[in-house]
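Hi everyone, thanks for coming. I'd like to walk you through one model today, so let me put it on the screen.

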Amino acid sequence: MDLRIGQGYDIHRLAEGRELWLGGIRIASPVGLVGHSDADALLHAVIDAVLGALALGDIGGWFPDTDETWRGADSKMLLRRVLEDERVAPWRLVNLDCTIIAERPKLMAHKEAIRSSLAALLGCDVSCVSVKAKTHEKLDSLGAGEALSAIAVVLLEKKG
Ligand code: MG
């Protein structure tokens with residue numbers, strides 16, 4: 001079996017007046033993530049995990065934040081571009097496991113919707129996608145609600 005594992009991490013600052021996008025869906029929240037694109041930290045971690053599994057660099061190299069092309073970019077589109085790349089397309093997702101770390105907003109009620117969104121974007125069954133959410137126990141900038149971070153691990157298998 002031809003298997004590859006990859007991990008990705010991302011963090012974005014939280015601010016009032018920004019939309020909150022996580023895993024490709026918009027979440028109603030008084031605070032959102034600040035970034036060059038839509039700042040979907042979870043999708044950015046997933047993209048880096050896929051790229052990492054195949055040793056294809058990182059999201060910053062693929063979509064530089066100095067490039068105006070990607071200003072306000074929909075991260076779902078960035079993921080789609082990665083998945084459609086000729087070096088990525090021959091691989092299928094075995095499973096994805098994610099953790100979102102944020103003191104605010106509370107994500108418990110949104111985890112299933114985020115899971116479904118990720119499964120749809122990745123073209124896999126929802127049973128292959130895990131989304132966990134936790135706080136940072138009020139410690140550091142994450143714990144102060146100044147930022148949100150995400151960690152993703154993927155396993156890819158070469159298509160037969
Ligand atoms: Mg990012």
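**A patch and the sheet behind it**

Let's start with a single residue: V153 is found in strand 7. Strands here are DSSP runs of E with at least two residues, helices are runs of H or I with at least four, and both are numbered from the N terminus. Before I go on, a word on the source: this is a predicted model, where local features need pLDDT of at least 70 and side-chain atom pairs count only at pLDDT 80 or more, while totals for chains, interfaces and linings use all residues. Residues are numbered from 1 along each chain as its sequence is written, and side-chain values use heavy atoms, with hydrogens and water left out.

Is V153 buried or exposed? V153 has 33% relative accessibility, so it counts as partly exposed (buried is under 20% relative accessible area, exposed over 50%, partly exposed in between, with a 1.4 Å probe and protein chains only).

V153 joins I5, Y9, I11 and I151 in a nonpolar surface patch of about 430 Å². Patch residues have over 30% relative accessible area and no salt bridge, and nonpolar side chains (Val, Leu, Ile, Met, Phe, Trp, Tyr) are joined within 5 Å. A salt bridge means a side-chain nitrogen of Lys or Arg within 4 Å of a carboxyl oxygen of Asp or Glu, and areas come from Shrake-Rupley with a 1.4 Å probe, where only the protein chains shown count as cover. Strand 1 gives the largest share of the patch, three residues.

How do strand 1 and strand 7 run? They are antiparallel, joined by eleven bridges; H12, for instance, has L148 in strand 7 as its bridge partner.

Now the whole sheet. Five strands make an open, mixed sheet in the order 4-1-7-5-6, where pairing takes at least two DSSP bridges between two strands. Strand 4 (31-33) and strand 6 (129-134) are at the edges with a single partner strand each, so one side of each has no neighbour in the sheet. Strand 5 is joined to strand 7 by ten bridges, antiparallel, and to strand 6 by six, parallel.

Finally, the helices. Helix 4 (residues 111-122) lies across strand 5 and strand 6, at about 145 degrees to strand 6. Contact means heavy atoms within 4.5 Å; axes are lines fitted to C-alpha atoms, for helices over the stretch in contact, and angles run from 0 to 180 degrees between N-to-C directions.

Thanks, everyone!

Technical notes. Patch = residues over 30% accessible without salt bridge, like charges linked within 9 Å, V, L, I, M, F, W, Y side chains within 5 Å.
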